[in-house]
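Let's walk through this structure together, one piece at a time. Keep the view open as you read, and turn it whenever a new element comes up.

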Amino acid sequence: MARIVARQGESAEAIGTWRWLATAADAVPTPADLPGDGDWQPALVPGTVAGTLRALGRLSDAAAEAVGGQDHWYLTRLDRALNGELRFEGLASWTEIWVDGALAAESRSMFQPLAVPVAAPVGAQIALCFRALAPKLAVAPRRSRWRPAMIQPNGLRWFRTTALGSVPGWCPPGLPTGPYRPVQRVETDRAAAVVAGIDLRTAYDGREGAVALTVRLGAQDGGGPSRAMMRCAAGEAALELTAPDTLSGTLRLPGIAPWFPHTHGQPALHALTLHLGDETVDLGRIGFRSLEVDRGADGEGFGLVINGVPVFCRGACWSSADVVTLAGGRQAYEPSLKIARDAGMNMIRVPGVMTYEDDTFFALCDELGIMVWQEMMLANFDYPQGDAAFRDAIRAEAETLLDRTQGSPSLVVLCGGSEVFQQAAMLGAPPEAWSGPVFDDILPEVVSRLRPDLAYVPNSPSGGALPFVADKGVTHYYGVGAYLRGLDDARRSHVRFAAESLAFANVPEEISLATGNPPALTHHPDWKRGVPRDLGASWDFEDVRDHYLGLLYGVDPARLRREDLERYLTLSRATSAEVMEETFAEWRRPGSPTSGALVWLLQDLAPGAGWGVISSDGEPKAAWHGLARAFRPVQVTMTDEGVNGLMLYLINERPVPLSAQLELTCWRDGQVAVVTASRAVAIEAHGSASLSAFDLLGRFFDISYAYRFGPPGHDATSAVLRDEAGTVLAEAFHFPLGRGHERHELGLQAALERDGEGWALAISCRRLAQSVHIVDADWRPEQSWFHLAPGMTKRVRLKPRGENPKWPNGEIRAANGTERVPYAPVDGGSA
């Protein structure tokens, strides 16, 4: 029970103004030996050396790569005396802490916070020395049963530091170094009662929530508090002395609103306070939920059931809010997490190649209703699990992580790490070598002891005869994607749960490329620098996207790129969106064995056509818009079942029943409705329904163009789901002849309208428009890259990208259209 909350009688605040100096490795043994006239620079704290270099305008690939070969000194002085502690939330990574010239402590892990007792006068010097890590990596024991090619060097497996900066091909170079989390001075009034630790457990059985709280008291004056209780929602419960300096109690809350992921209900949170005599301690907001793992009828699947409701988990894998500084806090996290929520994502995976995020990350996910799949920072390597010190370090790391997130309902999975089992299997190690005591014993024990309400997964991927097979356990699915399989492979592979999938080199929006970084010349070295690749392969992920561009649009990507670069970029953006939307339609259909899938990645680490569905400047890409449609809680999708025609699937993940109207239209030449049908449908809360198009039509029509009795009667089918008021809830499209690359006059129209204090576009067309997108320098559309059927008007709200934007002034385009439709306020008014 180590969880520390805001202590009574304490004040914590940032310490001093810091200076930074790089020196040769091991050239300066103590602060007394530092040069007084060196190139000292103002330092960003919290932050990294790379962050300081960026602020100074001196960050380059060469400078970033040099960081790991140098020692880095940070200096400050106390502006007043300190009698308490210095707290370091994160030091990357081999760090010496000097107080007034004396070595006070050392840190060997960037993942473990450290508290150093300090009694020092005003003016005392605080020095941090981050010793060069690169030389230590070079001399680390090299012998291992396998050596992954993705992360280099192999010696990194001995050190508790992030793999970021060590994965060439998709991550900017440079070993993260510096005080990347807050450094605080803590003053303590030892005469006051203090809370030394908290153990907090929540439970929910479908009818009532329960909070079990144990408080360990620290220094006491007068025998401890005369009265102790906790309060949450409308309830309170007394805490009793159950052991020396230990108070315990349980509060039961019948009828308490449970926490749900936002796609399935409300992410309800409740304030919890601890009252010790006249003192009040804020324990933050907590949530109540139950969690079960659904293994399927064969016992070999993986799915989550929250509060008795099966949840299809969808979202993306987190990289970093800022890979240069490793920034934390609400300001860093909130933009990306809100964009993830707005896309209908209900899960974020923090992979083992990244780093742990701070408490604010989990608090935001609690608020937004986003589940967190959290991995230990273990990836790919043959880790030294036989080394007692290594095992102890991992145990402490897991305890710290789970202890500080005990009240967080959004944390639902703890996973042992990323691709350790997969690398072992792929590089020929026998099954008995894939796992080990860390994954089999230590981590399950910590989860059971500190967060028994979590699902534990030993590794991602894992399960089945090989760790990465798709039809057992958890997989990393790239059949559609890197392995260039047809779109039907998403069904044929019988995916159970994909912890990562669908990685493409997603082209940023035009507004992102307008900066010229990188230049929109796809074979320019600076462009290719931003395209992810496996250094051991003869292809990159742009080649993967090009394969599907040709498959969907029937055009030679290389020739198109050479002859019409702008159209190549347009179809490239549309390709990512279309493939992702169609694949998730398959996975989410009723009867699918898939219980969840996460896209690799959420946000780019650097400018360019990276894996992220959000570009490095924070702009959602076309792929994001495709996912936003694929992830709608109320959804209609269609799949091509060959001679069985089209199947329509209706999904209602909301906690209330749905009454709606389903409309189906088949279009010839994109403008003539040759077949129409409609039906009233009712779907129960958290329910779904399947309907054959043949059943809906009530007669034969070769809707999937499978029978081919003559020329095709149509080239597109649209399905619309409307609520009882006529509002469109969801749409789906099917192209029996393929999407094609021909362009037509579509009759696109756009009317700019006031929307409260903002703006919206009313968009319509005379001929079916594919991948309609909105280009505006100052305003971001809430929806883009959508298909639009004739006779429909789609109203798209616009959001300002910055403060005091100009009035909207942009264009509407479509991938199959010849026109560009400008829009601007009719009266030329301002925003």
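**Strands, helices and a few unusual bonds**

Strand β39 and strand β43 (residues 810–813) pair in the antiparallel sense, with 4 bridges between them. Keep in mind that this is a predicted model. To see one of these bridges, find Val775 and look across to Glu811, its partner in β43. β39 also pairs with strand β41 (residues 786–788), antiparallel again, through 2 bridges. There, Ala769 stands opposite Leu788 of β41. What holds strands together in this way? Strands of a sheet pair through backbone hydrogen bonds, and the pairing can be parallel or antiparallel.

Is β39 largely enclosed or not? The strand covers residues 769–776, and 7 of its 8 residues are buried, so the rest of the structure largely encloses it. Buried here means a relative accessible area under 20%. One residue to pick out is Ser771, which lies in β39. Its relative accessible area is 1%, so Ser771 counts as buried. Ser771 also has a positive phi of about 50 degrees, although it is not a glycine. That deserves a second look, because most residues other than glycine have a negative phi.

Asn380 gives another example, with a positive phi near 70 degrees. You will find Asn380 in the loop between β24 and α6 (388–404). With a relative accessible area of 0%, Asn380 is buried.

β24 takes us to an open sheet of 8 strands, with parallel pairing and the order β26-β25-β24-β23-β22-β29-β28-β27. Which strands form its edges? They are β26 (455–457) and β27 (475–477), each of which pairs on one side only. From one strand to the next, the twist averages 25 degrees. At the β27 edge, 3 bridges join β27 to β28 (residues 498–501), and the two run parallel. Thr475 stands opposite Ala498 of β28.

Helices lie across this sheet. Helix α5 (residues 359–368) lies across β23 (347–350), β24 (371–375) and β25 (411–415), and runs at about 150 degrees to β24. Helix α14 lies across β22 (313–317), β27, β28 and β29 (596–599), running at about 160 degrees to β29.

Let's stay with α14 for a moment. How far apart are its end C-alpha atoms? α14 has 24 residues (565–588), which at 1.5 Å a residue should span 34 Å; the end C-alpha atoms are 35 Å apart, which agrees. Of those 24 residues, 21 are buried, so α14 is largely enclosed by the rest of the structure.

One neighbor of α14 is helix α12 (residues 541–553): the axes of the two helices come within 9 Å and cross at roughly 85 degrees. That makes α12 roughly perpendicular to α14. Where they meet, α12 contributes residues including Arg545, Tyr548 and Leu552, while those of α14 include Leu571, Thr575 and Val579. By class, this contact has 8 nonpolar, 3 polar and 4 charged residues. It helps to recall that an α-helix has 3.6 residues a turn, so residues three or four places apart point the same way.

Next, find Arg743 in the loop between β36 (728–734) and β37 (749–755). Its relative accessible area is 42%, so Arg743 is partly exposed. Leaving out residues up to four places away in sequence, Arg743 touches Asp564, Arg567, Ala815, Asn816, Gly817 and Thr818.

Now turn to an open sheet of 4 strands, ordered β14-β13-β17-β18, with antiparallel pairing. Its edge strands are β14 (235–238) and β18 (279–286), each pairing on one side only. The twist here averages 20 degrees from one strand to the next. Within the sheet, β13 (residues 228–232) and β17 (residues 270–276) pair over 5 bridges, and Met230 stands opposite Leu274 of β17.

Our last stop is the peptide bonds. Most peptide bonds are trans. Yet the bond from Val45 to Pro46 is cis, with omega near 0 degrees. Pro46 sits in the loop between β3 (41–42) and α1 (49–55). The bond from Gln152 to Pro153 is cis as well, with omega near 0 degrees, and Pro153 lies in the loop between α3 (134–139) and β10 (183–188).

Notes:
Residues are numbered from 1 along each chain as its sequence is written. This is a predicted model: local features need pLDDT of at least 70, side-chain atom pairs count only at pLDDT 80 or more; totals for chains, interfaces and linings use all residues. Side-chain values use heavy atoms; hydrogens and water are left out. The expected span of a helix is 1.5 Å times one less than its number of residues. Buried means under 20% relative accessible area, exposed over 50%, partly exposed in between (1.4 Å probe, protein chains only). Axes are lines fitted to C-alpha atoms, for helices over the stretch in contact, and angles run from 0 to 180 degrees between N-to-C directions. Angles under 35 degrees count as roughly parallel, over 145 as roughly antiparallel, 65 to 115 as roughly perpendicular and the rest as oblique. Contact means heavy atoms within 4.5 Å. Ala, Val, Leu, Ile, Met, Phe, Trp, Tyr, Cys and Pro count as nonpolar, Asp, Glu, Lys and Arg as charged, and the others, Gly among them, as polar. Two strands pair if DSSP finds at least two bridges between them.
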